[in-house]
Structure formats: structure tokens, C-alpha cells
Amino acid sequence: MLPSPPSLLFTHLHSNPNFLVRTRLMKGEGRMAFKSRLKWVGLLGLCLSVLSLFTHFLLARYGISSDFHSSTITIFSWRPIFDHHPLLPTTSPLYRRLWGPVKHLESLHPHANPRGNFAAPKLPSNGYIFVRIQGGFHEIRNGICDAVVVARLLNATLVIPELQSTTSSKGISSQFKSFAYLYNEDQFMVALAEHVKVEKTLPKHLKGARRKKTIPSFKAPFSASPYYYIHNVLPVLTKHSVVELVISEGGCLQAVLPSNLEELQRLRCRVAFHALRFREEVQELAKRLLLQARRPFIAYDPGMTRDALAYHGCAELFQDVHTELIQHRRAWMLKRGMVKGKLSVNSSEQRLNGSCPLMPEEVGILLRAYGYSWDTIVYVAGGEIFGGRRTLIPFHAMFENVVDRTSLSTYWELHRIYGREANLDPHPRPPKSPPLSKEDRKIDPWTTGPRPRPLPPPPARPKSYNIEGWWGWVAESDNEPEASVVELRTNAHKLLWEAIDYIICVEADVFIPGFDRDGKGHPSFAGLVMGHRLYQSAASRTYRPNRKEIVKLLDENQDHMYQANQTWLRSIRRQMRKSLLDGLTEASTKSKAISFLSHPVPECSCLGSENATISAHANPPYSQLHSLLGPVRRCPAWMTKGDSVSEFNSKETEEDLDEPDYLAGLFFGNGSSGESESGSGGASNKEETHIEDQEELEGGER
């Protein structure tokens, strides 16, 4: 009888004991090999993970072009990315509508040279005029131009003005008060050598009199007439040979002078647009920033300062502590008589009247509705926007390439133009007291004595707020804290920041302001930029939106803002197009009466082509321009030689480009559309025409 299989297996194992050992060894080696493979697989995965993280880090650090020094990753494109999208052909209708010159103003050229008998200043002069100018960037610029005209009017020698960015100059070194900190002194003196005698400092005997405060001083009133200086200042000047003028509100001479002093108006233009050049370091940095654009760009000045919002009663545009800050500033203005009215103002009514700034979101809607695509470069100018950068978040959502001076330049590039100030400690420590002798030492009651010991007094609460940061003092005190030395120095640096922004805004292809009034109701930084652009290149696109009409249109479509209909879009485009010329009318009637530099025409301009003669019998656009600018003289022959001005095409006007037959609703999306418009007559059927209009509406974006 044969044994069963298990019995055979047992018998075999019993007769070969080494077989069982070998089997167990083989099983152990298999497990060890399997574990070894797992280790190698894990090690390989770990290496791949490290390599992936290192690759991502390199892409995040060096993925952007080396021209832009940024190593941070943000949600909203706070750094310039400047994607290289296909550019629109310069001959396409869409390019001419968005970036092309304003044809009505192409014949207007800058001409600030003397046109009559404007002889050199008489020698000897009647004495010295020493000027101290207080205020911000635009107030200093207006004050310098007026001081030069006053010196010419009184036949006096002008001493290089002293600049003070704040009325409280305690702790600020003379470096930040000097004219050379912002402007080029040598250029200023050379450019005015034939018009006004300019000296860098007072003579030695007058310097001592100034230190002793024996020099007669005048606090120049705002917009004073020429007769004020002739009848009040000139007699004192001839008697004492020196006079000190303190200019604190910007302009010390009335903006619109009598017709017999028209040459003084042109002298203002020569000072503002030719003699006042920023120092070389500032100009070089601004040029480097301009070279980074590489394609047309928009300059946008929000104009949302705390003083402007308080003066015009626009507190309710914000929330939380920002409203309290604006009201606190308005109360301060009321107490000093700077503004009249009540503390509480209906901000909604002020906004409907056009007295409040356009919010960044509203400006973004205007630009997108007009046809500017999402990848358009927008340079945000001006100082710190009141309300913080959170107010720009909707604007960043509409335009990807939103940049400013901090994103286009490095920290060291900005600090290189500031200069240094010795012995400036932002947190000064109290001087150390000499060590006490054993007899003078007293027992510390907080560490000795019977228990329970009393608790020590709480330490002094540190001030965590900052003048330009979080306004923590509002909840603690009714009085605004005094500015520290560091804060005063920062105010001085703001002059350089705004100088950089000023250069870029003047050279921009398109400029649009959110607000053009300051905290005193005068033309602000944006007003000076628009005046400079009107003088230098009148045909460049400068939108001056009618805030009253724009707010009405925005409120009408408030519930359907992100999907607009044809009628609303046409209304927005019509308002934007009209602002190119109608804004000049408001500037000539309102801004020029306060600041001549905000509208320096027709005194400082001329007509350069006979084909563009402005007359009352011309077609409506030219007739409108004639009523706006008044009689504009022709340019001299040496200026018009070889000058050619393009004539209007009767079949293609700017209005035709702005008013397509078919409009689409969505203008905020990054939807697909054609790369560019190739022409106006390429489509033969209705469907193709609709597609082309869709491309024009979305700005030719893909």
C-alpha cells in the first residue's frame, strides 16, 4: 500500500533536514530583497521630489526676465510680467483709436519763446528775493514758477529757493530742504540767465541779517495780483535790498495775468517746461523705468489723498477707520478755516456732483469698456493711495500688468537717489546715566521685602501706529501725533518719488486721472501732468473724464456692470472720446483760473500748419477748438519748415472708430478673439462684421 502524499513529504523532510533550512533561507532572502527594493524606490521618489521642488524654486526665482528684479510670488500680479502678446499694427483702426494721436490737436505746437520786446533784466537789480516754499510736489513747482515771475516783475535778483516738503521742518537736515535735492541748479540758472538774474546764496552780510531775523518777510498770499508786489513788496525791497517771501499754498501770483503781461505767462512756461529739470539721478532712473515698457502703456494717477477726500467731503467712500481718519482731517481743516461747511457731508451727493475721485475699479471699467485689453500695461503714479493697496485689487483683476515705481525698480535703486543723513537713528536711546556709588544705591522694593510683593507698574505702551501706516491713534486720542524725524524725512523723499512718476506720466502714451484736485481745491499732481502734456505734445491721448456724467452712467448699469449692453458701452465710449476735447474746456475755465501750468494755452502754443487753421468758419471740430483755445498765433517759419499735419479723412473719423455697428456684452473676460484688426472694410457679410466688432470691443486680445 502506497503512503499518502503528506506522509511522503514528511518522510522526505525527515530524511533531508538541510532542505528545510535552505527553504527558510530562500524565503528570508526574498523578503530582504523586497525590502531593499522598497528602500531604493523610496529613495528615488525622495530625490525626484527634491529635484521637483528645486526646479519650481528656480522657475519662480528666475522665470521672469532679468530686467525685472522681483522674487516674490503674489496672487494679483503686483510685479510686471509683460507677456509678449502680438502688438496691434500701427495702421489698424483699433490701434489709432486706443493709442493714436488726437487729430484735432495735431497742429498745436509748443512755443514759449518771447514774441515781443522782452529785453534782458536791467542792472543793477533792486535787491535780492529769498524764497521759502512749503507744500507738496505740485505746490513747490507752482511756487518756483511764480517766484521767478515776481523776481522779473520787480527787477530783483532771485536766490535759489529753499524747499520744504512739510511746514514742520524740525529734524530735517538742510540736504532735504535744498533746491538741488530735487532739481538741477545749474540747468535752472543757465536756462534763465537771459530773463532773470539768479544766485545760489545771499551775500555774506545779508546771510548774517537773515540769521538774526532782521530781513523783512512777507507771507505771500495765494494768487496775489502783480500790483500787490509793486505797491507793497517793491518799496521794502528797494529800502532794505532784500526781502524774504514765504509761499505756503502753491501759487503766489494770480494765474491769469493782464494782456500787457502776456510775456510773463510765457516766462512761466519756460521755467516749468525748460528750466526746471530734475537732477540727473532722478532722470536716469525714470528713463530706465520707461525703457522697460517696450510697448504703449497707460499712466494712471488715482489722486486719492486724505486731504483731498477730507476737503471735498468724500469720507463715506471708505469704511472702518478710514472714514474716521477723513472726518478727523476735515474737522482739523474746519478749525483752521481751510474749508467751509459742516463736518458731516453727504458723500453720495458729492460723488454725483463729480466732486469725489473716481475709484480705481471705476477707472478700470472705463478703460476696459473703451477697448483696452487685459494685458495693457498700466503704470500707477502718485503717492500712497489712501485706503491701502486693497483699493487697487479690483483694478488688478481687470489689468494684469499693473506696475509702479517700486515694482519696476529695486530697493537699492530707489535708495541710491535719497542720499544719506548722518546720525539718524529711527529709535534713539536715552543717554546712559553714570553708575551710582554704593552710598547712592537704593534697595529695589520690587525684588525685596516681605511677601506678597506688590506687582511692578506696567511698562509704557509702545506706539505701534505710524503716520503712513495703520492709524492706531484714532481710537486712543483726538489729536494726531506729531511726525517723527524719520517720517519728516520720508515726506522729503516723496518729492523724489513724485518726480519719477511725473516724468513717466508726461511721457506715457495715454494718461488718465482719477482726480485732479488737492486738499485745497487747487489742481493737483494730475493737473500739472495734463498741462505739461498739453504743452509738450498736445495730440497725445489725455483723458479728462467728466466725473459727473461718468458716475451717472456707472450707476445706471450697476446691476449688470460685468455684462454691458450696446447702448451703455456706446455711451461710455462717447464720454471717453468727448473727454479728449471737452475736458480742455473745463480746464480752461476752472483749472487755469487757479493754476496757469494746468492749462498753458494759447499763450505758450502756436499753429504749425495752414491746413489746420482754426477759424470760426471751419467744420465743427475746429470750430469747437477755436472757441476753446481762443486766437492761436501761427508758428514761426523755422518751426513749420518741413512740417506736415495729416488731414482728416472724411470717410474715417474717430467717432466712426469708436462706434461699431455691433457690440458685445462681455468685456471683462480674457476670452479668445482675433489678434488684431486688419482693417475696416475687410468683412463682406454681417457675421464677419460682428466678429470684427467683438475683437475691437475686447481690445484684440487672445
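## A salt bridge in helix H21

Glu586 has a relative accessibility of 32% and therefore counts as partly exposed (buried means under 20% relative accessible area, exposed over 50%, and partly exposed in between, with a 1.4 Å probe and protein chains only). Its partner Lys590, at 47% relative accessibility, is also classed as partly exposed. The two side chains meet in a salt bridge, 3.9 Å from N to O (a side-chain nitrogen of Lys or Arg within 4 Å of a carboxyl oxygen of Asp or Glu). Both residues belong to helix H21 (residues 566-591), where they are 4 residues apart, about one turn of the helix. Elsewhere, Glu185, Asp186 and Lys200 are joined into one network by salt bridges that share partners.

The model is predicted, so local features need pLDDT of at least 70 and side-chain atom pairs count only at pLDDT 80 or more, while totals for chains, interfaces and linings use all residues. Residues are numbered from 1 along each chain as its sequence is written, and side-chain values use heavy atoms, with hydrogens and water left out.

## Overall composition

The protein contains 25 helices and 13 strands (DSSP runs numbered from the N terminus: helices are H or I with at least four residues, strands are E with at least two). Of its 702 residues, 47% are buried. The exposed area of the protein is about 37600 Å², of which carbon and sulfur atoms supply 55% (Shrake-Rupley method, 1.4 Å probe; for residues, only the protein chains shown count as cover).

Contacts (heavy atoms within 4.5 Å) were also sorted by sequence separation. Among those between residues at least 6 apart in sequence, 80% join residues at least 24 apart.

## Buried salt bridges

The structure holds 20 salt bridges. One of them pairs Arg132 with Glu244, with the closest N and O atoms 2.8 Å apart. Arg132 lies in strand E2 (residues 128-134) and Glu244 in strand E7 (residues 242-247), so this pair ties together parts that are 112 residues apart in sequence. Arg132 and Glu244 are both buried.

Arg517 and Asp516 form another salt bridge through their side chains, at 3.7 Å from N to O. These two residues are buried as well.

## Surroundings of Leu358

Leu358 sits in the loop between helix H13 (347-352) and helix H14 (360-370). With 1% relative accessibility, Leu358 counts as buried. Leaving aside residues up to four places away in sequence, Leu358 touches Tyr300, Met304, Val363, Leu366, Gly514, Pro545, Arg547, Ile550 and Val551. Its C-alpha is 6.6 Å from that of Phe515, although Leu358 and Phe515 are 157 residues apart in sequence.

## Surface patches

Trp40, Leu43, Leu46 and Val50 make a nonpolar surface patch of about 450 Å² (patches take residues with over 30% relative accessible area and no salt bridge; like charges are joined within 9 Å, and nonpolar side chains, namely Val, Leu, Ile, Met, Phe, Trp and Tyr, within 5 Å). Within this group, Leu46 is placed in helix H2 (residues 17-62). Leu46 counts as exposed because its relative accessibility is 53%.

A positive surface patch consists of Lys204, Lys207, Arg211 and Lys212 (Lys and Arg count as positive and Asp and Glu as negative, with His and the chain ends not counted; charges are placed at NZ of Lys, CZ of Arg, CG of Asp or CD of Glu). Lys212 is located in the loop between helix H7 (204-211) and strand E6 (217-219). Its relative accessibility is 67%, so Lys212 counts as exposed.
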